[in-house]
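Biologist: I am new to this structure, and I would like a close look at a single part of it. Please choose one, take me through it slowly, and then place it in its surroundings.

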Amino acid sequence: MKVTLLNYTPDPEITIALAARTCYSSKIPLTISRERAQHLIRQLTERGHESVLEHASFTFSIEGISRVTSHQLVRHRLASYSQQSQRYVSMEEANFIMPPSVAGSSEAQEVFLKAIEENKKVYQELVKLGIPQEDARYMMAQGVATNLVLSANARELLHIFSLRLCNRAQWEIRELALQMLELVKDLAPSVFEWAGPPCVEGNCREGENSCGKPWKRREK
Ligand SMILES: Cc1cc2nc3c(=O)[nH]c(=O)nc-3n(C[C@H](O)[C@H](O)[C@H](O)COP(=O)(O)OP(=O)(O)OC[C@H]3O[C@@H](n4cnc5c(N)ncnc54)[C@H](O)[C@@H]3O)c2cc1C
C-alpha cells in the first residue's frame with residue numbers, strides 16, 4: 001500500500017480559523033495568528049462547532065489496496081473518489097493483496113497463491129475468448145489490488161479516523177487510515193491531535209466487543 005498526499009487547502013488551520021471567526025465578527029477577518037487560530041479551533045471543536053472543519057480539504061492518492069478495503073472505504077459518503085476502472089484497465093497482470101494471516105502460514109500462502117494464479121488464468125482465458133474486460137472481471141477475487149484518489153474535508157477525515165483506526169476495524173483499512181493520519185497530522189495539529197477512535201477520549205463504543213486495549217493517544 002502506498003498513500004501520498006497529493007494536495008490540500010493551503011494552511012488548513014488558518015483557513016478554518018478565519019471561517020470560524022467570521023461567525024463572530026462584523027467583518028470577515030483576513031488574518032489571524034497561528035496561536036489564536038489553534039486556540040479557536042480547539043475551543044470550537046470541543047463545543048461541537050465542527051462544521052468549520054469543512055473548510056479544509058485533503059486529497060490522497062492510494063495505491064495497492066484490495067477491493068475489499070476500497071469497498072469499505074467508499075461507504076464513507078462525504079468523501080469523493082476516483083477509482084481505477086476494471087472495465088478499462090486490464091486485470092491480466094493484476095496484483096493481489098495477501099492478508100498477514102495468510103502470509104504468516106506457508107501452507108495458507110501456497111493455497112492463496114495457487115488460487116490467484118488460477119484466478120488470473122481464467123480471466124485471461126475469458127478475455128481471449130472475446131469476453132469484454134467488464135464481464136471477465138466478474139470472477140476476480142476481492143483481494144485484487146486497486147488504486148484510487150480520495151478527497152475529503154477535515155471533518156470527514158476525523159470521522160473516518162474515528163471508525164477506521166479502531167482496533168476492531170480490519171487490518172488493511174486501519175493501516176490505510178493510519179497512513180492518512182500520519183500525512184495530515186502535522187499540517188493541522190489543532191485539528192488532528194485527538195484523531196482516532198472514541199477510546200482516545202476514554203469512551204469505547206464497542207461495548208462487549210471492545211478490544212480492551214485503548215488506541216494509543218498520540219503525544220500533543
Ligand atoms: C467496524 C465496522 C464494521 C462494519 N460492518 C458493516 C457491515 O457488516 N455491513 C455494512 O453494510 N456496513 C458495515 N460497516 C459500514 C458502516 O455501517 C458505515 O457504512 C461506514 O462506516 C460509513 O460510516 P458513516 O455512514 O458514518 O460515514 P459517512 O458516509 O462518511 O458519513 C459521515 C456522517 O455523515 C452523516 N450522514 C452521511 N450520510 C447520511 C445520510 N444519508 N443520512 C443521515 N446522515 C448521514 C452521518 O452522521 C455519518 O456518520 C462497518 C463499519 C465499521 C467501522
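Modeller: Gladly, and a definition comes first: helices (H or I, at least four residues) and strands (E, at least two) are DSSP runs, numbered from the N terminus. The expected span of a helix is 1.5 Å times one less than its number of residues. Helix H5 (residues 106-128) shows how this works: it has 23 residues and reaches 33 Å from its first C-alpha to its last, close to the 33 Å expected.

Please keep in mind that this is a predicted model, in which local features need pLDDT of at least 70 and side-chain atom pairs count only at pLDDT 80 or more, while totals for chains, interfaces and linings use all residues. Residues are numbered from 1 along each chain as its sequence is written.

The part I have chosen is helix H8 (residues 171-184). Its 14 residues should span 20 Å at 1.5 Å a residue, and the end C-alpha atoms are 20 Å apart, which agrees. Which residues of H8 are buried? They are Glu172, Ile173, Leu176, Ala177, Met180 and Val184, where buried means that 20 or more other C-beta atoms lie within 10 Å of a residue's own, exposed means 12 or fewer, and partly exposed is in between, with C-beta atoms placed from the backbone. These buried residues cover an arc of only 135 degrees around the axis, which puts them on the same side of H8; the arc is that of the directions from the helix axis to the C-beta atoms. An α-helix has 3.6 residues a turn, so residues three or four places apart point the same way. On the other side of H8, Trp171 and Glu182 are exposed.

What covers the buried residues of H8? The cover includes strand S1 (2-8), strand S2 (57-66), helix H3 (67-73), helix H7 (154-164) and helix H9 (189-192). Let us follow some of these neighbours.

S1 is one of them. The number of buried residues among its seven is zero, so S1 lies largely in the open. It runs antiparallel to S2, and six bridges join the two; two strands pair if DSSP finds at least two bridges between them. Within this pairing, valine 3 has isoleucine 62 of S2 as its bridge partner.

S2 has another partner too: nine bridges join S2 to strand S4 (residues 145-153), again antiparallel. Here serine 61 is matched with valine 149 in S4. Strand S3 (residues 80-83) is also antiparallel to S4, through four bridges, and glutamine 83 has leucine 148 of S4 as its bridge partner.

Just ahead of S4, in the loop that leads there from helix H6 (133-136), sits glutamine 142. This residue is exposed, because it has 12 other C-beta atoms within 10 Å. Leaving aside neighbours within four places in sequence, glutamine 142 is in contact with Ser66, Arg67 and Val68; contact means that the C-beta atoms of two residues, placed from the backbone, lie within 7 Å.

Next comes helix H1 (12-22), which contrasts with S1: eight of the eleven residues of H1 are buried, so it is largely enclosed by the rest of the structure. Among those buried are Ile14, Ile16 and Leu18. The cover over H1 includes S1, helix H2 (34-46), H7 and H9. In the loop between S1 and H1 you will find aspartate 11. It is partly exposed, with 15 other C-beta atoms within 10 Å. Its phi is near 45 degrees, a positive value in a residue other than glycine. Aspartate 11 and glutamine 142 are 131 residues apart along the chain, and their C-alpha atoms are separated by 38 Å.

Finally, step back to the whole chain. It has nine helices and four strands, in the order β-α-α-β-α-β-α-α-α-β-α-α-α along the sequence. The C-alpha trace spans about 70 × 40 × 25 Å along its principal axes, and 27% of the 220 residues count as buried. Among contacts between residues at least 6 apart in sequence, 74% join residues at least 24 apart.
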